[in-house]
Amino acid sequence: MMKILIVGGCGFVGGNLAVMFTADGHDVRVVDNMSRSGTELNARRLLDHGITMSRSGVKEFAAAGGFRLWTPDIILNCAAQSRSMLGIGDPAADFYGNVESTFYCLELARQYNAALVHWSTNKVYSDYQVNEYNATEGEKRYQVDYAMGVETLAAGRHTVYGATKIAAEALIDEWSRLYGIPCIRNRFSCIAGPHQYGCSDQGWVALWMIHHYLEKPLTYFGFNGKQVRDVLNISDLYELIKRQAEYLTATDQPVNQIYNVGGGMANTLSLRECSELCERITGNHLTIGYNPEPRWADQRVFVSDNSKVSDAFNWEPTRAPAETLADIHSWIVDNESTVREFYG
């Protein structure tokens, strides 16, 4: 049994992992400042599963001494200000949500002699670095024959969000080398699944299904809806994080690794293709608006090369985007009144 502290544990990823690790018999505790919309709804689910929770920021949690008489073996840093556009108008939110919170996670790991798994992002790669690849425009998507491996970060636009995640990665690298903290930084593409209260710049897969189900308007921003991402189901993510956590808590070797993690080439989806799948599953057709101006630093195509993480942990995604959308649809049906109230 592992003792697992999940920071940002009332978000979509942290909440699902908390429930899944608990179901597998691990001792899970959660810290969350409850600043993101939807966290209160996820918190109810955690309490229903008997998961101990601290409603505080990680800075305040660390200052208070953590949980009394309980120390984790591993910290999962799921805390973030993860909306890619929010930081343009409020860069302080990105700094405190992504850089400061990571600093205190690292200090907790140092205090407890714990390992750390960190949620990074494909936004650490610049739009120039990604969009320079030759992509052929098709009827419904951009066609590419590459996947982004673990690359040196290049100049270009990253968004404020991406820049603060780069800064967080630099702190992790230094703390790991200096203090011997076993660390893994996963650069995730799109993660999706049930209990995700998505918005237009974060959690777009869930948002697309929710808006189709509720018949609420949607808009393509730039690229005529043909931009492509690889989609990773939350259950596939759990299988990887479980293996990473087991490895980090069992090894006595220094670990400081970066992995790209996503659905991979077999699980790519354009916005237009996502619209078609949502229409097929819900039976609802939406006339989707179009704003030809791409959002700041948007990546035309991003597909994760999972080869390094697959080799290290004998792991591959198993769930296709259609299955992920069906999972989200089932969750909406089972929680329709809550979802309708949340989305007005």
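**Pocket, rings and backbone: a Q&A**

Me: Which residues line the second largest pocket?
Reply: Bear in mind that this is a predicted model. In it, the second largest pocket is lined by Lys 140, His 212, Tyr 220, Arg 272, Ser 275, Glu 276, Glu 279, His 285, Leu 286, Thr 287 and Ile 288.

Me: And what volume does the second largest pocket have?
Reply: Its lining runs from Lys 140 to Ile 288 in numbering. The volume of this second largest pocket is about 160 Å³.

Me: Which helix gives the most to the lining of that second largest pocket?
Reply: Look at Arg 272, Ser 275, Glu 276 and Glu 279, which are among the lining residues. Their numbers fall in the 271-282 stretch, and the top contributor, with four residues, is helix H10.

Me: How many residues in the lining are polar, by class?
Reply: Sort the lining by class and you get three nonpolar and four charged residues. His 212, Ser 275, His 285 and Thr 287 are in the lining too, and they fall in neither of those classes. That puts the polar count at four.

Me: On to the rings: what kind of aromatic pair do Phe 67 and Trp 70 form?
Reply: The model has 16 aromatic pairs. For Phe 67 and Trp 70, the centres are 5.8 Å apart and the planes are at 85°. Planes over 60 degrees apart count this way, so the pair is edge-to-face.

Me: Is Trp 70 buried or exposed?
Reply: Its partner Phe 67 has a relative accessible area of 12%. Trp 70 has 6%, and the cut-off is under 20%, so Trp 70 is buried.

Me: How many residues apart in sequence are the parts that Tyr 247 and Phe 313 tie together?
Reply: The rings of Tyr 247 and Phe 313 have their centres 6.0 Å apart and their planes at 75°, so this pair is edge-to-face. Tyr 247 lies in helix H9 (residues 234-250) and Phe 313 in helix H11 (residues 307-313), so the separation comes to 66 residues.

Me: What does Tyr 247 count as in accessibility?
Reply: Phe 313, on the other side of the pair, is buried at 9%. Tyr 247 has 39%, which lies between the 20% and 50% cut-offs, so Tyr 247 counts as partly exposed.

Me: The charged end of Arg 110 sits over the ring of which residue?
Reply: Start with the cluster of Phe 103, Tyr 104, Trp 175 and Tyr 179, linked by ring pairs. Arg 110 has its charged end 4.2 Å from the centre of one of these rings, the ring of Tyr 179.

Me: In which strand is the place of Val 228?
Reply: Val 228 is buried, with a relative accessible area of 1%. It touches residues including Arg 141, Thr 268, Leu 269, Val 301 and Phe 302. Its place is in residues 228-233, that is, strand E11.

Me: Phi of Leu 69 is near what value?
Reply: Leu 69 sits in the loop between helix H3 (58-63) and strand E4 (74-77), and is exposed at 88%. Leu 69 isn't glycine, yet its phi is positive, near 60°.

Me: Phe 223 counts as buried or exposed?
Reply: Phe 223 also has a positive phi, near 60°, and lies in the loop between strand E10 (219-221) and E11. Its relative accessibility is 19% and the limit is under 20%, so Phe 223 counts as buried.

Note on methods. Residues numbered from 1 in each chain as written. Predicted model: local features only at pLDDT ≥ 70, side-chain atom pairs only at ≥ 80, totals over all residues. Heavy atoms only, no water. 1 Å grid on protein atoms, 1.4 Å probe; cavity = no way out; pocket = protein on both sides within 12 Å on 5 of 7 lines; lining within 4 Å. Points joined across faces, edges and corners; volume = space filled by probe spheres on them. Helix = DSSP H or I, 4+ residues; strand = E, 2+ residues; numbered from the N terminus. Phe/Tyr/Trp six-rings, centres within 6.5 Å; stacked < 30°, edge-to-face > 60°. Buried < 20%, exposed > 50% of the residue type's maximum accessible area, 1.4 Å probe, protein only. Lys NZ or Arg CZ within 6 Å of the ring centre and 35° of its normal. Contact = heavy atoms within 4.5 Å. Lists of a residue's contacts leave out its neighbours within four places in sequence.
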